[in-house]
2 protein chains.
Amino acid sequence: MTLFDPEPPPVPTPTVRVRMTVAYDGRGYHGFAAQAGVKTVGGTLTTSLERVLRHPVAITCAGRTDAGVHAWGQVVSFDAAADRFDPDAVQRSLNTLLAPAVVVRDVEEAPEGFDARRSARSRVYRYMVVNRPVPDPFLAATAWWVADPLDRRAMALGCDPLIGEHDFTSFCRIPKGEQVPSMVRRVIDAGWCDVGEGVLRFEIEASAFCHQMVRSLVGMLVEVGSGRRRAGELAGVLRARRRAAAGAPLAPPHGLCLWEVRY
Amino acid sequence: MTLFDPEPPPVPTPTVRVRMTVAYDGRGYHGFAAQAGVKTVGGTLTTSLERVLRHPVAITCAGRTDAGVHAWGQVVSFDAAADRFDPDAVQRSLNTLLAPAVVVRDVEEAPEGFDARRSARSRVYRYMVVNRPVPDPFLAATAWWVADPLDRRAMALGCDPLIGEHDFTSFCRIPKGEQVPSMVRRVIDAGWCDVGEGVLRFEIEASAFCHQMVRSLVGMLVEVGSGRRRAGELAGVLRARRRAAAGAPLAPPHGLCLWEVRY
């Protein structure tokens, strides 16, 4: 039983709504969303859940991370048959099947109607940059190595215009062949933290994110830090509402992590 | 040109003695020491050095790490032809060839007679344990996951008998088919540090180490932490000078890191 069966049999009733927190190393996965023929986090989770629960499962996630992007606090919801549901046993069985690349940090019963995506108030993403002359083998999987010295003050200034409600078209990949959706998002907080030893961490909380928005913003902010762009340009780029206005390289996926989802 | 050529042509004279600090992610390497037919850190480094310097190179390392063991501060020495030697250029070229799995952190001219192995006063190894009920995808490459709660106080007590000069036969793999060498080593310091969020770090400094000594000690100390052995047993195990006396499982290689070499 997979997500791609044309008519999945229904989950045996009565059901419970389940909320699960999942961490994963995104390398080796073609993102979260299940796709036929490729290994995805969502596809792998669904297969394992169906094996453990012995009935079809349809999962919803809070944030559809792209290929190579990590998560520490991805949240997933689904329905399980109530008569055989034991949260601890499900967590243990899933971790036996999936760890260490994918780890289930928590499984609990959620209130009826809880939906990992629609119930979320906001998402927090983190992006790690290692700013040292030489790379680091132990951060290679989770941080973007930038050798040129970055001006932390300029990068901090560049965050200010992002806070608040804006149209982020300049920083988003527009889905092809569809009616163009709204790119208006509310950024609650955005800033850089100097973790020490040349490691810089960008953290951004928003109501929701457009596709490639964080990597696009980090690409631009690193241009600002390296002196190739000025922090003052960000407000203008936002106002332009054209992808070409940013013109900065997309930061690589492996530095990005869906850190937390707030409800 | 590799280490295995029967008669390597000499390094063009005059030469300079070079000291290099190297970090590596040990996964994917069959240890440091060059061996025919398998990928090793030393073999890979030698091949790259010979490509960059354009003459044969014979390297000496401070600590021959085992398969899967990492290093942050491995030190390597070798001779280079003096007329074309530029430390910064060598570092840049090697990192272009080798990073991010192997990273050259520093290259410098050393005094004549400097030998990475024989000149070393002591080596410092670190071993990381993640002691949480569920594993962590981002520490899976560098730490041993131990789910059962560990008694940190007992593990600290277990370190005391290790300090000083002892025969470590009970904690070492004896080389086969050779005259048994002395297993007497001087441990300068050994202890656990609680890094937070369930991460425990064992650090040990000694004049030198026998084969598998740190992993064997950590295996025993984790047995003590889990309550299966008592801290008081360590002194007796040391005195027994028999491998079977320890009887604890060897800690896995991926938690171990050659942290620093002191001269």
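This is a dialogue about reading a predicted model of two chains, A and B.

Visitor: What ground rules apply here?
Guide: This is a predicted model, so to speak of local features we need pLDDT of at least 70, side-chain atom pairs count only at pLDDT 80 or more, and totals for chains, interfaces and linings use all residues. Residues are numbered from 1 along each chain as its sequence is written, chains are lettered from A and ligands numbered from 1 in the order in which they are written, and side-chain values use heavy atoms, with hydrogens and water left out.

Visitor: What rotation superposes chain A on chain B?
Guide: The general idea comes first. Two copies of a chain are related by a rotation about an axis and a shift along it. Here the rotation is 180°, the shift along the axis is 0.0 Å, and the RMSD is 0.0 Å. The two copies are thus related as by a two-fold rotation axis. The fit is by least squares on the C-alpha atoms of residues with pLDDT of at least 70 in both copies. The same surface serves both copies: 100% of the contact residues of chain A recur in chain B. Contact means heavy atoms within 4.5 Å.

Visitor: How is empty space found, and how much lies in the largest pocket?
Guide: Rolling a probe the size of a water molecule over the atoms shows where empty space is left. The largest pocket holds about 1900 Å³. A pocket is an open set of points on a 1 Å grid over the protein atoms alone, where a 1.4 Å probe fits, with protein on both sides within 12 Å along at least five of seven lines. Lining residues have an atom within 4 Å of a point. Points are joined across faces, edges and corners, and the volume is the space filled by probe spheres set on them.

Visitor: Which residues lie nearest the centre of the largest pocket?
Guide: They are A:M128, A:F138, A:L139, B:F138 and B:L139, out of 49 lining residues. The lining divides into 27 nonpolar, eight polar and 14 charged residues. Nonpolar covers Ala, Val, Leu, Ile, Met, Phe, Trp, Tyr, Cys and Pro; charged covers Asp, Glu, Lys and Arg; the others, Gly among them, are polar. Strand β5 (residues 122-130) of chain A gives the largest share of the lining, three residues. Strands (E, at least two residues) and helices (H or I, at least four) are DSSP runs, numbered from the N terminus.

Visitor: Let us stay with strand β5. Is A:V124 buried or exposed?
Guide: A:V124 lies in that strand and is buried, at 1% relative accessibility. Buried means under 20% relative accessible area, exposed over 50%, and partly exposed in between (1.4 Å probe, protein chains only). Leaving aside neighbours within four places in sequence, A:V124 has contacts that include A:I204, A:C257, A:L258 and A:W259.

Visitor: How many disulfides does the structure hold?
Guide: Zero, over all chains. A disulfide is a pair of cysteine sulfur atoms within 2.5 Å. Take A:C159: the closest cysteine sulfur, in A:C193, is 12 Å away, too far for a bond. A:C159 is buried, at 1% relative accessibility, whereas A:C193 is partly exposed, at 33%. A:C159 sits in helix α3 (residues 152-159) of chain A. Beyond its neighbours within four places in sequence, A:C159 is in contact with A:A190, A:G191, A:W192, A:F202 and A:L221.

Visitor: What should I look for in the backbone?
Guide: Most residues other than glycine have a negative phi, and most peptide bonds are trans. A:E197 has a positive phi, near 55°. Phi of B:E197 is also near 55°. A:E197 is found in the loop between β8 (184-196) and β9 (199-206) of chain A. At 70% relative accessibility, A:E197 counts as exposed; B:E197 is exposed at 71%.

Visitor: Which residues does a cis peptide bond join in chain A?
Guide: A:A99 and A:P100, with omega about 5°. A:P100 lies in the loop between α2 (87-98) and β4 (102-109). In chain B, a cis bond joins B:A99 and B:P100, with omega about 5°.

Visitor: Where is A:P14 placed?
Guide: In the segment before β1 (15-24) of chain A. A:P14 is exposed, with a relative accessible area of 57%. Leaving aside neighbours within four places in sequence, A:P14 is in contact with A:A80, A:A81 and A:A82. A:P14 and A:G26 are twelve residues apart in sequence and 34 Å apart in space, C-alpha to C-alpha.
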